[in-house]
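Hi,

Here is the structure I promised to pass on to you. Please open it in your viewer and keep it beside this email while you read; my notes follow below.

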Amino acid sequence: MQFALIYYQTASDLAREQSEPEAYWGAWSAYMGAMGAAGIMRGGAGLMQPPTATTLRIKAGEWQVEDGPFADTKEKLGGFVVIEVDDLDAALAWAARAPCVVDGSVEVRPTIPADKA
Amino acid sequence: MTSAAASSAHIAAEAAARTAYGRLIALLARDSRDIAAAEDALADALARALARWPADGVPASPDAWLLTVARRQLGHGRARAATALAATPALVLLDDERADRPDTDFPDERLKLLFVCTHPAITPRVQAPLMLQAVLGLDAARIAAAFLVSPAAMGQALVRAKARIRDAGIAFTVPPAEQRPGRLAAIRNAIYVAYGAGWDQLETDHPSDLAEEALFLARLLAAHVPDDPENIGLLSLILLCEARRPARRDAAGAYVPLDRQDLGLWQRDMVVEGEALLRTAAVQARPGRFQLEAAIQSLHNQQRFTGADLSGPLIGLYDRLLDLAPSIGAAVARAAALTAAGAAPSALAALDALADRCLNHQPWWAARANALAAMGDKPAALAAASRAAGLSTDPAVRAFLLGNA
């Protein structure tokens, strides 16, 4: 079955992209590389830093465009992948290897099967 | 249909349901992970059994018959089910089990169901109720009564948990060796929670008591995974506590504390088995919470059997238990042991240290009342006892606390 692994990062973790880019990107590319080598990757993307986000709502027909991500939370969405594994435990095992799991968190959610969508 | 045939069919169906329920649910839900659908299909198969068996006779393998009919109900393996019903369901069951059982080291499908129900992705407070329903087929109303929640709330929590197992991708497998110790600990905790549920509401016909069910599950776990001594420790603990059940109330239904129980009423076979299991577990030299709790109960028993004062060793065991698995319950029990050992002021000091977490904890107030009474402070003891009585849900315990103060 397919699961989305959704990565949440803290501000201090995100800041490491600037302060220690080699360690930061080294960890993420090794992790993504391992999932690629395991043949389980079905999709996903890393996201640019949260300040690059633009959020849109339409209220009573009016566009409300905001600078920044939709909510000012402690952990920010950093990216996601979709993987194909047997069960939740296998998905959790991959989530446990994510570089952000100690400082931030990883949400594991089944994707809606194609025949139900 | 004769009434004799009907009743023997009924007995056979009930026996199959009781002994095979969890295994059949595990087999039916293994691929779809849909426990609710498996339960519905099995209930339907049991109803059909009651309708058919009196006329057709009880099949040679009732479990296989039920599995086949329930599978057909689920729409699985239609062709296989059709031929199976005609002739040799037992062979089909063997075949199914061969196909369904890749884990030769865990031969019982019910264990997989136990692992599923206590998966860390399931809310801890639902794990024990879910286990009682999925493995033993208890209805939500009975589970709700033991856990002191409304049947509607319990039913909803169980439905939600089963939907989660189906949708979140929780597999019906035995976890890999490196995760097994933690996952087994979760099963033990759920069994112990089930045992404890209803313990305080011991009434004459104790409809909410789940002791027998918990004992069944503890036996299952100890029998199939004996290389974890804590599994044996849990079974020993439940047996040693359960042995005293007939002595916990007098003829008038009044609460009888351990030190005044009639030893002749204790179930000796359970005491003997519990003690033997405790020794078996100890041989593995890997102590744990449940072995220590069983050892504590064993010492309490020896105190009663021999009349010797074992409060020193008892306090020692509580200290080790608190090191290994700190809990309010164990800390309060240790304080009670201090009072019994004649060290009431130390007991009171230990209880005071827990005060901010215990204002609504009945055993804390009861232990406090005992310590204060031992120190001769009657008014304070009475106030604490009445507070404990106010926090008790059992009229017999309430009466005892007030009468004793």
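**What I found**

Let's start with a single residue: B:Ala285 is exposed, because 7 other C-beta atoms lie within 10 Å and a residue with 12 or fewer counts as exposed. You will find B:Ala285 in the loop between α13 (268–283) and α14 (289–306) of chain B. Its backbone deserves a look too: B:Ala285 has a positive phi of about 55 degrees, although it is not a glycine.

Before going on, please keep in mind that this is a predicted model. For the complex, the predictor reports an ipTM of 0.74 and a pTM of 0.82. In chain B the average pLDDT is 86, and 88% of the residues score at least 70. Residues 97–106 of chain B are a part to read with care: their pLDDT is below 50. Beyond near neighbours in sequence, that stretch has six contacts in the model.

**Chain B**

How many helices and strands does chain B have? The count is 20 helices and zero strands. Chain B has 405 residues, of which 44% count as buried. If you take the contacts in chain B with a separation of 6 or more, 62% of them come from residues 24 or more positions apart.

One helix makes a nice exercise. Helix α12 of chain B covers residues 229–242, which is 14 residues. How far apart should its ends be at 1.5 Å a residue? The expected span is 20 Å, and the end C-alpha atoms of α12(B) are 20 Å apart, so the two agree. Now look at what surrounds this helix: 14 of the 14 residues of α12(B) are buried, so the rest of the structure largely encloses it.

**Chain A**

Chain A brings strands into the picture, with three helices and six strands. Following the sequence from start to end, you meet them in the pattern β-α-α-β-β-β-β-α-β. The C-alpha trace of chain A spans about 45 × 45 × 20 Å along its principal axes. Of its 117 residues, 16% count as buried. Among contacts in chain A between residues at least 6 apart in sequence, 75% join residues at least 24 apart.

Now try tracing the sheet. Four strands of chain A make an open sheet in the order β2-β5-β1-β6, with antiparallel pairing. Which strands sit at the edges? They are β2 (41–46) and β6 (105–110) of chain A, each pairing on one side only. On average, neighbouring strands of this sheet are turned by 20 degrees against each other, direction ignored.

Strand β5 of chain A (residues 75–84) is a good one to follow, as you can look at its pairing with two other strands. With β2(A), it pairs in the antiparallel sense over five bridges. In this pairing A:Gly44 stands opposite A:Val81, and A:Gly43 stands opposite A:Val82. With strand β1 of chain A (residues 2–10), β5(A) shares nine bridges, and these two strands also run antiparallel. Here the bridge partner of A:Ala4 is A:Val82. So you can look at A:Val82 in β5(A) from both sides, with A:Gly43 opposite and A:Ala4 as a bridge partner.

Chain A has its own alanine with an unusual sign to note. A:Ala60 is not a glycine, yet it has a positive phi of about 50 degrees. It is found in the loop between β3 (54–59) and β4 (62–67) of chain A. Is A:Ala60 buried or exposed? It is exposed, because 5 other C-beta atoms lie within 10 Å and the cut-off for exposed is 12 or fewer.

**Where the chains meet**

Finally, have a look at the contact between the chains. It takes eight residues from chain A and seven residues from chain B. On the chain A side, helix α3 (residues 88–95) gives the most, with three residues. The chain A residues that touch chain B divide into five nonpolar, no polar and three charged.

Helix α3(A) has buried residues as well: A:Leu88, A:Asp89, A:Ala91, A:Trp94 and A:Ala95. What covers them includes β1, α2 (21–37), β5 and β6 of chain A, together with α9 (151–168) of chain B.

Happy exploring, and best wishes!

Key. Residues numbered from 1 in each chain as written. Chains lettered and ligands numbered in written order. Predicted model: local features only at pLDDT ≥ 70, side-chain atom pairs only at ≥ 80, totals over all residues. Expected span 1.5 Å × (residues − 1). Buried ≥ 20, exposed ≤ 12 C-beta atoms within 10 Å, placed from the backbone. pLDDT = per-residue confidence, 0-100. Contact = placed C-beta atoms within 7 Å. Nonpolar A, V, L, I, M, F, W, Y, C, P; charged D, E, K, R; others polar. Pairing = 2+ DSSP bridges. Axes fitted to C-alpha atoms, helices over the stretch in contact; angles between N-to-C directions.
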